[in-house]
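Me: I have a new model open and would like to go through it piece by piece. Please start wherever the two chains meet.

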Amino acid sequence: MWLATCTECEKRIQCEPFLFRSVTTVRLSDLPKGACAVVERVEDAHANDLIAQRLRDLGFVAGERVRLVARGPVGADPLLIQIGSTRFALRRAEAARVTVQEDVA
Amino acid sequence: MSADSLRIALVGNPNSGKTALFNQLTGGRQKVANYAGVTVERKEGRFTAPSGRVMQVLDLPGTYSFDAASPDEQITRDVLEGNYPGEAAPDLIICVADATNLRLHLRFVLEVKRLGRPVVLALNMMDAARHRGIVIDVPELQHRLGVPVVETIAVKRGGVGALVTRVDGELPEASPALPDDPASRASLHDEVRALMAATVTMPRATARIDDALDRWMLHPIVGLLTLAVVMFLVFQAVYASGKPMSDLIGNGFAWLGGYCATVLPDGPIRDLVINGLFGGLGTVLGFLPVILVLFFFILMLEESGYLPRAAFLLDRLMVSVGLTGRSFIPLLSSFACAIPGIMGTRSITDPRDRLATILVAPLMTCSARLPVYALLIGAFIPARRVFGLFNLQGVVLFALYVAGIVGAMAVGWVIKRIRRDKSEHALLMELPSYRLPRVRDVAIGLWERGTVFLKRLTGVILALTVLMWCISTFPKPPAGAIGPAINYSFAGYLGRFLQHIFAPLGFNWQITLSLIPAFAARETAVATLATVYAVSGDAQNGGLAHALAGNFPLATALSLLVWFAFAPQCMSTLAVIRRETNSWRNVVISFSYMFAVAYAASFITFQVARLFS
């Protein structure tokens, strides 16, 4: 186990050697505030899901790092997601299409 | 294309600074119109390059990708490919990308490049990029992309010099056109990653100032408080500066009319000029200061990047009543006047959400309703204290405002229930970096909105105002007639005819008659009531209130107040709905549903109040 710097939030996080790295796969909408994760994939909620397609176009593709920056004041909705240098507000239903691997500190 | 002019199309992601670049290139020489049949704005401008060539620049809507679900993106793609009817294919595409946000924007650059047309990439906001320590290897990027890359600072004078020089030179060679299929789309991200790794060094993904500001602006408590303070200040400013200017314009035209009265010979022409023409112009132009002051603040909020933050904070609340976070600012503007509110819905990208917002916006209590409320409340509601704390008159006024808001929520909820398209519409909203608004961009934005209002609406509203004047004036009363002239006019007959419809609401024929000119502008109801009750002198003062209190009961007054809270007025609003949605159907829907709601609410109010009194 060693320490590395998260490229998104500049926090020191604990990482384990790749093979033993403990990651949990969750939905982007279930991340706690401030958490970093790596996008696994965007799932279509139904056939010809334009919202899922748009999410992929905006850069939600496998391997991209994301961070949950803030949550709305009512019902923790919408969510503010940082991906690269961009911040997107996504409603929970939109964020639920994205599965991510959460870094476990 | 003539030999010495070049057609340039400007494209880029939203928030790439494309519009600022367009303003910097073309200055004020812009033409704004709509693409036929849709409400997507078409902006064109021109400038003369140092070589003497005239450059025609088309500013296309901001686009994230060509996968195009929205009408803007479809139009952007069609225009670039030369497939849009009546629009010649551009000779050159300038693709604008934010240098601080290349990971997102480069993907669209690659999509544009694949169209197979000559492209120049403008790396915009280079000042901000340098400030943040972002280093971009421009020669390498140019080499790898295979298109010319030029650095620009759109917000700085002279910040586009290199771009103008490049555009003025030889046309760059087009890259080969590539097919657009899902597999190659997926590879775009890999291309972007490779480009980023090879050419861009970023010390930090975001600007520190953005992180710090967002920590507070989006905070569940501090953020909402800040929003409330910002909105309060905007409203104070609208009432403190916009309202007096509106009154000044109204009085100015009244004075002009008075002057004409001394010059023109007595007769119907004189009457038309004074009351029809100048009265109408005063009403229409009187809207202008309120509209401009409101838009000044909306533009400031938009340019600074705060608007999407407000939408973020309120989205959940608005969604629960069938709207979106972006509906908030237009609806709030509607408290001053529904016209800028409805024009402001352009910031709502989703057509369905935009229409829903337009339909409920007129329910917000606009400032023109205040004179009517003030008169009726003053005449019928005693100024006593309730619960030893509140003034009953104030409580009634407050209740009327609440009725508008609750009504709008209910209508939004019903629209959500009954509309056929129940599919999920996304928020997917980018929160851009905070920026200081630029005088030039705000000024051009204000100019655009002001001219749209004057050019496209003044004619319609003026014509309707003159029509209203005609039916309230002709035919003239017979010789020896007693009673005010309006009683004998078409409006008088119409009022008595409509009275059968309005009787269940407790309206007598005088009130019904006053509703007809109120359709031109609500506040004129006060003047009309003064005329029919033949009150001499200043209608605003005690005289009219006294006359009203003697002529109809409290139940009627309450019913009339409720009517004004929901009724489909004024026709300027309906004209704006027609213009902004490009459809008479929406005008008919707005008018009918508001008429039905107002009728039902007034009926209930009158019948219940009668039981108690």
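Me: Which residue of β12(B) is the bridge partner of A:Ala89?

Reply: Happy to help! This is a predicted model, where local features need pLDDT (the predictor's confidence in each residue, from 0 to 100) of at least 70, side-chain atom pairs count only at pLDDT 80 or more, and totals for chains, interfaces and linings use all residues. Residues are numbered from 1 along each chain as its sequence is written, while chains are lettered from A and ligands numbered from 1 in the order in which they are written. Strands (E, at least two residues) and helices (H or I, at least four) are DSSP runs numbered from the N terminus, and in β12(B) the bridge partner of A:Ala89 is B:Met429.

Me: How many bridges join β7(A) to β12(B), and what is the strand order of the sheet?

Reply: The two strands run antiparallel and are joined by two bridges; two strands pair if DSSP finds at least two bridges between them. The sheet is open, with seven strands in antiparallel pairing, and its order is β3(A)-β8(A)-β4(A)-β5(A)-β6(A)-β7(A)-β12(B).

Me: Which strands are the edge strands?

Reply: Strands of a sheet pair through backbone hydrogen bonds, either parallel or antiparallel. An edge strand here pairs on one side only, and the two are β3 (23–27) of chain A and β12 (429–430) of chain B.

Me: How do the residues of chain A that touch chain B divide by kind?

Reply: Contact (C-beta atoms, placed from the backbone, within 7 Å) links 29 residues of chain A with 28 residues of chain B. Elements of chain A that each supply at least two residues to that side include α1 (50–57), β5 (65–74), β6 (77–83) and α2 (92–95). Nonpolar means Ala, Val, Leu, Ile, Met, Phe, Trp, Tyr, Cys and Pro, charged means Asp, Glu, Lys and Arg, and the others, Gly among them, are polar. By that scheme the side of chain A that touches chain B has 14 nonpolar, eight polar and seven charged.

Me: What is omega for the peptide bond from A:Asp77 to A:Pro78?

Reply: A:Pro78 is found in strand β6 of chain A. The bond is cis, with omega near -5°.

Me: Where is pLDDT of chain A lowest, and at what mean?

Reply: Chain A has a mean pLDDT of 82, and 77% of its residues reach 70 or more. Over residues 12–20 of chain A, pLDDT stays under 50. Confidence is highest in β7 (residues 86–90), at 95, and lowest in β2 (residues 12–15), at a mean of 46.

Me: Is B:Leu428 buried, partly exposed or exposed?

Reply: B:Leu428 lies in the loop between α16 and β12 of chain B, and its phi is near 35°, a positive value in a residue other than glycine. A residue is buried with 20 or more other C-beta atoms (placed from the backbone) within 10 Å of its own, exposed with 12 or fewer, and partly exposed in between. Because B:Leu428 has 18 C-beta neighbours inside 10 Å, it counts as partly exposed.

Me: How many residues of α22(B) are buried?

Reply: Helix α22 (residues 554–566) of chain B has 13 residues. What covers its buried residues includes α15 (370–380), α16 (392–418), α19 (509–518) and α24 (584–612) of chain B. The helix is mostly covered, and the number of its residues that are buried is twelve.

How values were computed. Contact = placed C-beta atoms within 7 Å. Expected span 1.5 Å × (residues − 1).
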